Amino acid sequence: MASEVKTVVVTGGSSGLGLAMAERFRKGGWYVVIVSRKERENLPCDRFYSCDLTSVDDRRKLIKRMIDDGLNINVWINNAGIGVYALCEEISNADLRNIMELNYFAPVELSMEILPVLQKNNGSLVQICSIASLMPLCCMSAYSSGKSALWMFNESLRMETDVHCLTVMPGRIDTGFSSRAVKKREVPDTPGNRSTSPDGLAEKVFHAVLKRRKRLIYPFWYRYVVAVSRCFPGITRKMSRKIWNLGDKN
Ligand SMILES: NC(=O)c1ccc[n+]([C@@H]2O[C@H](COP(=O)([O-])OP(=O)(O)OC[C@H]3O[C@@H](n4cnc5c(N)ncnc54)[C@H](OP(=O)(O)O)[C@@H]3O)[C@@H](O)[C@H]2O)c1
């Protein structure tokens, strides 16, 4: 019966991690809806919505359009996001507000708009945060603070609701993400920059949704990086400064 097919919405599902997640859910027999600004050819979805998620008006209209179109959403994945590589002092107020709009306000507001539907469907809400939500790094303050705030939002929401809230913390994954970031500096080429492909993350997210897991760090070994950063913040600081050629300052 058609009503047994479940529906997933993936924001930013037209490339990178979002595309891989859309493909994985489609392979699992789900009805897949992708949201991004530009539609691309051969997207693995049953329905596409064009929306600039930095616009408060457009994202309100988006949810209304979906409900008017009769979508019965079971899983909502807030994945659209943008990277930032700049010292704190190099980020303009305009850039900061734009970054926070996409990386924090959009997923939070979309979550609250869609929550009643997920509640009714015993559904899942997924926030794609970042390993940078868990540790400070040079040249990533605007990114880390937005993703960290999103992580805390999801953890708090989980305490207040019976909707399944999954927080995903990817490490560096090869999607070309850094080439589309707001950049005031060239991103240094470290081994982490060319690490993992998006398909492994998509597989883990798919199963974490089915098993109603709370948190997912991917790849697994990043949890040790976070532990080192918590226990030995001086080492992380030194390494992060070295990677970005910021000198040996105390
Ligand atoms: N790749 C990594 O290493 C990594 C690590 C940790 C966390 N993450 C997080 O994972 C998520 C996906 O990253 P990714 O690497 O897959 O990035 P990506 O390849 O650059 O994909 C970003 C997606 O978001 C959409 N998007 C961007 N701006 C938008 C806007 N204003 N409104 C609507 N859609 C917009 C893009 O489509 P359009 O351009 O057509 O709008 C695209 O589909 C992000 O939240 C990122 O912070 C990535």
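**Entry 1: around the ligand**

I began with the ligand and found 27 residues around it, of which Gly-12, Gly-16, Arg-37, Gly-81 and Phe-177 come nearest. I kept in mind from the start that this is a predicted model. Sorting the shell around the ligand by class, I noted ten nonpolar, twelve polar and five charged residues. I then asked myself which helix gives the most to this shell. It is helix H1, made of residues 16–27, which contributes three residues.

**Entry 2: the sheet**

Next I followed the strands, and I wrote down an open sheet of seven strands with parallel pairing, in the order S3-S2-S1-S4-S6-S7-S9. Strand S3 (47–50) and strand S9 (215–218) stand at the edges, and because each has a single partner strand, one side of each is left without a neighbour in the sheet. I also looked up how far neighbouring strands of this sheet are turned against each other, and the average is 15 degrees when direction is ignored.

At the S3 edge I looked at the pairing in detail: strand S2 (residues 31–36) runs parallel to S3 and is joined to it by four bridges. As an example I picked Val-35, whose bridge partner in S3 is Tyr-49.

Which helix did I find packing on the sheet and touching S9? Helix H5 (residues 198–210) does so, and it also touches strand S4 (75–78), strand S6 (124–128) and strand S7 (164–170). The direction of H5 makes about 165 degrees with that of S9.

**Entry 3: H1 against H5**

Since both helices were already in my notes, I looked at H1 and H5 together, and their axes come within 8 Å and cross at roughly 50 degrees. H1 and H5 are therefore oblique to each other, and I recorded their crossing as right-handed. On the H1 side the contact includes Gly-16, Leu-17, Ala-20 and Met-21, while on the H5 side it includes Pro-198, Leu-201, Ala-202 and Phe-206. Gly-16 thus appears twice in my notes, once in this contact and once among the residues that come nearest to the ligand. By class, the residues of the contact of H1 with H5 are nine nonpolar, one polar and four charged.

**Entry 4: H3 against H4**

I turned to helix H3 (residues 93–120) and helix H4 (residues 141–160), which pack at an angle of about 15 degrees with their axes 9 Å apart. Angles under 35 degrees count as roughly parallel, and H3 and H4 are therefore roughly parallel to each other. H3 passes H4 in a right-handed crossing. Among the residues that meet here I listed Leu-96, Ile-99, Met-100 and Tyr-104 in H3, and Ala-142, Leu-150, Phe-153 and Leu-157 in H4. This contact divides into eleven nonpolar, three polar and one charged residue.

**Entry 5: two backbone details**

Finally I checked the backbone in two loops. In the loop between S9 and helix H6 (222–231) I found Pro-219, and the peptide bond leading from Tyr-218 to Pro-219 is cis, with omega near -10 degrees. In the loop between H3 and S6 I found Asn-122, whose phi is near 50 degrees, a positive value in a residue other than glycine.

How values were computed:
Residues numbered from 1 in each chain as written. Predicted model: local features only at pLDDT ≥ 70, side-chain atom pairs only at ≥ 80, totals over all residues. Near = placed C-beta within 6 Å. Nonpolar A, V, L, I, M, F, W, Y, C, P; charged D, E, K, R; others polar. Pairing = 2+ DSSP bridges. Axes fitted to C-alpha atoms, helices over the stretch in contact; angles between N-to-C directions. Contact = placed C-beta atoms within 7 Å. Parallel < 35°, antiparallel > 145°, perpendicular 65-115°, else oblique. Left-handed = near helix turned anticlockwise from the far one by under 90°.
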